[in-house]
Amino acid sequence: MSSSDQIEDDEVQEILKTGTDLRQYSAQIEKEFKEVENRSIEDYIKESQNIANLHNQIGDTSTILERMESMLMDIQDALNNISTEITTLQKKSVSMSVQLTNRQSVRAQLSQFIEDMAVPEEMITTIMDTAVTEKEFVTHLNELNHKLSLMKELNFKESKSSQDVSDVLQKLKIKAMSKLRVYLMEQIYKFRKPMTNYQIPQNAMLKFKFFFEFILSNERIVAQEICNEYIDTMGKIYYSYFKSYSTRLAALKFEEAVSKDDLMGLEDTVTRSIFSKTSSLKNKSTVFSIGDRGDVLNQQLEAPIIVPHAQQKIRYPYESLFRSEQYALVDNACREYLFVTEFFIVRGAQAQELFNQIMGKTMALLIKNLETYVQDCYDTIALFLCIQLCLRYQLMCHKRCVPALDRYWDNLQAVIWPRFEHVFRMNIQSIQECDPTKFPKETGPHYITRRYAEFSAAIVGISENFPNELVSHLLLELQEEVKCFMLRMAAIFTTRKEQLIYLINNYDLVLGVLMERTRDNSKEAEAFRELLSTRSSEYVEEILAPHLGGIIQYVKDCEQMLEKEQTEEFKRQERRSLQLVANFSANWKKSLEELNREVFLSFPSLVTGSQLLQLALAQLVQYYHKFYKLLTPSARAQLVNIHVIMIEIKKYKSNY
């Protein structure tokens, strides 16, 4: 409820309380309204002029606002027009920018095209008059090559603009080609001069290798002519050089070569007078040993080649001459291959074909020379060293990124391997056919054993870096034959002790050589180490038997009785043991002396003798301990104290 309603209600309540007549009250109120209305009218009349003025002002203001609205509408229309014009201008600006870019692009292309098409006077003068080795000529030759390439493209598109300069460019090309051909031919002819270091003209050609590239891209017939001239010239130079070099090297070979009489199992029956010529290779111990010959695979592999006229009085084994010849080929062939691939711009099969055209005749000559040597060669080590040289030089070529000689190395090996296997098997057969009865009965190392030891050590040592299954198989066959030969030789001795001494001396020789020349864990060394150990143990038992045989047998018998629990039988052995104790106590010092003397007289190697003596003494002490434990207390009291024996044994301990 509002406040006015509250007042009226209060008044009504007041009237009702006072008992006032409502009609009278209503007339009074109406009268008051009339009075108020009249006063308001009088006020309006008084202000009528002002109200009229206000009405006029409002009308004027409305008119002004209408005009402003009209003006604003005009301005809005103007702004809309301006926005449209700006958009139009922006589109025109973008269009003009694109047109400008296109014109600039076209202008640059046209400018470049005009520049490429134009033939400057300076270019004509330089190509015509300047020497080909001058820097200006090379620069303009590059520009000419570019223009000729462009001309080919335009002619293909049947462009009319190319006809304006085509004649001039063709004449310049002919002139340039003529000068370049003359220059390159002159460089090739320089190779033909005697005593020429052909690396110098080759380097000069590489410096201007663009000349051939220019000729190749513009006139393949001329390029082929130059290439053929180079092939013919260098092919003849290499062939002439290596033919002469091989002939002069052959004169440095040992005069007396290894023959079919120099096989491992054949007896050296060649008699020599004081006037006969000898060479280090003819000595059979050198035929089957490596000596310093293995140096060709190591420090001599890349050593300077042999100069024949400076080595007239020195003689070499074949592998040294082979190394020198092949290293000369490697050096020349690698340089030649790298040159032709770079200068003549060939790769892969093309490079191989070009290389073969240059070096083919020379390589065929070297293969033929090798075939001539191999067909009568009996020097197995020389053949194997040559095979290893091929493998190493092939690896060297690969490191120099030259695969062109791979087939050549394969051909060389194909020549050597069959002969190597044939001669190797001839040596094996010579041992198979060897008759032990024709040799003197000596227990020392046999010369055939020494030959085998040196030979197998040489082959194993050489093949360590490049193992081969065939070589391993041949070595195993040879080893088995030599072991059989040793057993056949041992059989000619009547006593077992002599047989064992012979076997130990020979096994020890083989093992010593193998240990010195090869790895300790080689299969060959392991096989003979096991054989030596077995025979050594058997020999110790054999030499202890005369001095300690009774005690050894007693120990074995008693241990067998105890194992079978034959106690009564064991007790009945006391009398036998007392006799053995008495005998040992009386003779043990003498036995030690005889053992020492016998061992060192039987074995040339002091180290082997010392090892066997120590093994025998250790076995003696071991049997002594077992014997002591089997004795009764009364018998033990009569036995020599072990400490006394050990003190005496120490006297025989050597420093070997």
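This is a chat about the helices, salt bridges and a few loop residues of a predicted model.

Student: Hi! Let's start broad. How many helices and strands does the protein have?

Tutor: Hello! The protein has 23 helices and zero strands. Do keep in mind that the model is predicted.

Student: And what share of the residues is buried?

Tutor: Buried residues account for 40% of the 656 residues.

Student: What about contacts, how many join residues at least 24 apart?

Tutor: If you take contacts between residues at least 6 apart in sequence, 76% of them join residues at least 24 apart.

Student: OK, switching to helix packing. At what angle do α20 and α21 pack?

Tutor: The angle is about 170°, and the two axes are 10 Å apart. Helix α20 covers residues 574-602, while helix α21 covers residues 606-630.

Student: So is that roughly parallel or roughly antiparallel?

Tutor: Roughly antiparallel, because angles over 145 degrees count that way.

Student: Which residues meet there?

Tutor: From α20, the contact includes Leu580, Val581, Phe584, Leu592 and Leu595. From α21, the residues include Leu606, Leu612, Leu613, Leu617, Tyr624 and Phe627. There are others too, among them Ser577 and Asn596 in α20 and Gly609 and Ser610 in α21.

Student: How do the residues of that contact divide into nonpolar, polar and charged?

Tutor: The contact of α20 with α21 has 14 nonpolar residues, four polar and no charged.

Student: Speaking of charge, how many salt bridges does a search of the whole structure find?

Tutor: The search finds 19. As background, side chains of opposite charge can pair when their charged atoms come close.

Student: Can you walk me through one? Which residue does Asp331 meet in a salt bridge?

Tutor: Asp331 meets Arg400, with 3.6 Å from N to O. Asp331 is in helix α11 (residues 318-343) and Arg400 is in the loop between α13 (380-399) and α14 (406-432), so the pair ties together parts that are 69 residues apart in sequence.

Student: Are those two buried or exposed?

Tutor: Each falls in between. Asp331 is partly exposed at 31% relative accessibility, and Arg400 is partly exposed at 27%.

Student: You mentioned α14. Which residue does Glu421 pair with?

Tutor: Glu421 pairs with Arg425 in a salt bridge of 3.3 Å, N to O. The two are four residues apart in helix α14, so about one helical turn separates them. Glu421 is partly exposed at 26% relative accessibility, and Arg425 is partly exposed at 31%.

Student: And what does Lys651 pair with?

Tutor: Lys651 forms a salt bridge with Glu648, and their closest N and O atoms are 3.2 Å apart. Lys651 is exposed, with a relative accessible area of 59%, whereas Glu648 is buried at 12%.

Student: Which residues are joined into one network by salt bridges that share partners?

Tutor: Those are Arg293, Glu319 and Asp379.

Student: Back to the loop between α13 and α14. What's up with the phi of Cys401?

Tutor: Cys401 has a positive phi of about 65° although it is not a glycine. Cys401 sits in that loop between α13 and α14, and Cys401 is exposed with a relative accessible area of 57%.

Student: And where is Glu565?

Tutor: Glu565 is in the loop between α18 (523-563) and α19 (567-571). Its phi is positive too, at about 60°, and Glu565 is not a glycine. Glu565 is exposed, with a relative accessible area of 68%.

Student: One more loop residue: where does Phe466 lie, and which residues does Phe466 touch?

Tutor: Phe466 lies in the loop between α15 (447-462) and α16 (469-490). Leaving out residues up to four places away in sequence, Phe466 touches Gln388, Leu391, Arg392 and Leu395. Phe466 and Arg392 are 74 residues apart in sequence, yet their C-alpha atoms are 9.2 Å apart in space. Phe466 is partly exposed, with a relative accessible area of 25%.

Student: Last thing. Which residues does the UniProt annotation "coiled-coil region" cover?

Tutor: The annotation, from an unreviewed UniProt entry, covers residues 65-92. In the model, that stretch is 100% helix and 0% strand, with its end C-alpha atoms 40 Å apart.

Student: Great, thanks!

Technical notes
Residues are numbered from 1 along each chain as its sequence is written. This is a predicted model: local features need pLDDT of at least 70, side-chain atom pairs count only at pLDDT 80 or more; totals for chains, interfaces and linings use all residues. Side-chain values use heavy atoms; hydrogens and water are left out. A salt bridge is a side-chain nitrogen of Lys or Arg within 4 Å of a carboxyl oxygen of Asp or Glu. Buried means under 20% relative accessible area, exposed over 50%, partly exposed in between (1.4 Å probe, protein chains only). Axes are lines fitted to C-alpha atoms, for helices over the stretch in contact, and angles run from 0 to 180 degrees between N-to-C directions. Angles under 35 degrees count as roughly parallel, over 145 as roughly antiparallel, 65 to 115 as roughly perpendicular and the rest as oblique. Contact means heavy atoms within 4.5 Å. Ala, Val, Leu, Ile, Met, Phe, Trp, Tyr, Cys and Pro count as nonpolar, Asp, Glu, Lys and Arg as charged, and the others, Gly among them, as polar. UniProt positions are given in the numbering used here, feature names are shortened, and annotations may be inferred rather than shown by experiment.
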